[in-house]
Amino acid sequence: MTSPGPDGLVVSQATLDDWKVVGGWAADEGWNPGLSDGVSFFAQDSGGFFLGRVDGEPVSAISVVNYSADYAFLGFYLVRPDLRGNGYGLATWETALAHAGGRTVGLDGVVAQQDNYRKSGFELAYRTARFTGVAPAGEEPAGVRAAGAADHEAITAYDSACYPADRPVFLGSWLTAPRHRTFVRHTDDGRLSGYAVIRPARDSLRVGPLFADTADDARALFSALAAEADGRALSVDVPQANSAAVALVEKLGLSPSFETARMYTGPVREFAGDRVYGVTSLELG
């Protein structure tokens, strides 16, 4: 897919190698991208990443990743700071959105862009705040252990109840990516009651997802994540609609830094929002 834009802009699909420059832009914006995120993102939908170039040089970016026949997620909407105001972003946006077809599209929008997203048909679902800090490890949590390959089927089923689409391909990469660590918690009868992933990033470690049946399950999983962090700062993006999730990170001494809004262009299937204590990522939902 290639589309011409203003002032010689050419928008085309990006490769994973192309996307390294976008990771740098995201870091410059303070988004703290994970070091191995790109591989998992492209595993889900390699055709969903777009770069705008002028004279061959990258100037704009966006991703529109298809998860299912009904749902896609938009992220990485970026224009090089020295070239903003030239229409490059809008042209890149319009080209990339066509990739979603008739799907409902979700995004996590920064405050400065939310009015623009509303003009494009996105409606607010809930707000999310990033909390960052050094969390106390505490005692070894009961029922929590590192996940193995035998857990992936149960994790994928659990994830499907907590997200607007099934995403086994994405999780197949996310759970096994280099230096990603996944933890699970089970009830006494062996049922999965939550899972969480922690991964290295440019600044603090990133947590996501953190999905759990109850606040006790989430607290136990977070203790395992804090032990894995071993005194390093970690960040988690918490839906403010889940008051138990906000209370948990505040009690652990994490502080809010910036806010985004989860927005959709249309209906999404029902999912267990009360189990979402930390979203997977702001870039892919």
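Helices and strands are taken here as DSSP runs, numbered from the N terminus. In the predicted model, valine 197 belongs to strand S10, and with a relative accessible area of 0% this residue is buried. Beyond the residues up to four places away in sequence, valine 197 touches Trp174, Leu175, His180, Arg181 and Thr182, and also Arg206, Val207, Gly208, Pro209 and Leu225. The C-alpha atoms of valine 197 and leucine 210 lie 6.8 Å apart in space, with a separation of 13 residues in sequence.

Strand S10, at residues 192-199, is also one of the elements that each supply at least two residues to the largest nonpolar core. This core comprises 37 residues, of which Trp19, Val22, Tyr67 and Tyr195 touch the most other members. Its other contributors at this level are helices H1 (20-28), H2 (37-44), H5 (152-161) and H6 (168-174), together with strands S3 (49-54), S4 (57-66) and S5 (71-79). Strand S5 gives the most to this core, with four residues. When neighbours within four places in sequence are set aside, valine 22 is in contact with Leu51, Ala61, Phe76 and Leu78. Apart from the largest core lies another, of 29 residues, which includes Ala135, Leu205, Ala212 and Ala224.

Two helices illustrate how burial is distributed along individual elements. In helix H5, the buried residues are Ile155, Thr156, Tyr158, Asp159 and Ser160, and the elements that cover them include helix H6, strand S9 (181-186), strand S10 and strand S11 (205-212). In helix H7, the buried residues are Asp217, Ala218, Ala220, Leu221, Phe222, Ser223, Ala224, Leu225, Ala226 and Ala229. Helix H7 covers residues 215-229, and because a rise of 1.5 Å a residue should give these 15 residues a span of 21 Å, the separation of 20 Å between its end C-alpha atoms agrees with expectation. Just after helix H7, aspartate 230 takes a positive phi of about 55°.

The largest pocket has a volume of about 510 Å³. Its lining is made up of 27 residues, and those that lie nearest its centre are Trp31, Tyr77, Val110, Gln113 and Tyr117. Two or more lining residues come from each of strand S5, helix H3 (88-97), strand S6 (104-110) and strand S13 (255-264). Strand S5, which gives the most residues to the largest core, also provides the largest share of the lining of this pocket, with six residues. By class, the lining of the largest pocket divides into 14 nonpolar, eight polar and five charged residues.

The second largest pocket has a volume of about 280 Å³. It is lined by 15 residues, with Lys20, Gly34, Leu35, Asp37 and Gly38 the closest to its centre. Helices H1 and H2 are the elements that give two or more residues to this lining, and helix H2 gives the most, with four residues. The lining of the second largest pocket consists of eight nonpolar, four polar and three charged residues.

The structure holds one cavity of 30 Å³ or more, and about 70 Å³ of space lies in the largest cavity. The residues that line the largest cavity are Tyr126, Cys162, Tyr163, Pro164, Arg167, Phe211, Arg262, Phe271, Val276, Val279, Thr280 and Gly285. Eight of these lining residues are nonpolar, two are polar and two are charged.

Val276, a residue of the cavity lining, is also in contact with asparagine 242. Asparagine 242 is found in the loop between strand S12 (234-239) and helix H8 (243-251), where, with neighbours within four places in sequence left aside, its contacts are Gly273, Asp274, Val276 and Tyr277. The relative accessible area of asparagine 242 is 8%, and because buried means under 20%, this loop residue counts as buried. Serine 243, by contrast, is found in helix H8 and has a relative accessible area of 57%, so that with the cut-off for exposed set at over 50% it is classed as exposed. The C-alpha atoms of serine 243 and aspartate 274 are 8.9 Å apart in space, the two residues being 31 residues apart in sequence. Aspartate 274 is itself among the residues in contact with asparagine 242.

Technical notes:
Residues numbered from 1 in each chain as written. Predicted model: local features only at pLDDT ≥ 70, side-chain atom pairs only at ≥ 80, totals over all residues. Heavy atoms only, no water. Core = buried A, V, L, I, M, F, W, Y, C linked by side-chain atoms within 4.5 Å. Buried < 20%, exposed > 50% of the residue type's maximum accessible area, 1.4 Å probe, protein only. Contact = heavy atoms within 4.5 Å. Expected span 1.5 Å × (residues − 1). 1 Å grid on protein atoms, 1.4 Å probe; cavity = no way out; pocket = protein on both sides within 12 Å on 5 of 7 lines; lining within 4 Å. Points joined across faces, edges and corners; volume = space filled by probe spheres on them. Nonpolar A, V, L, I, M, F, W, Y, C, P; charged D, E, K, R; others polar.
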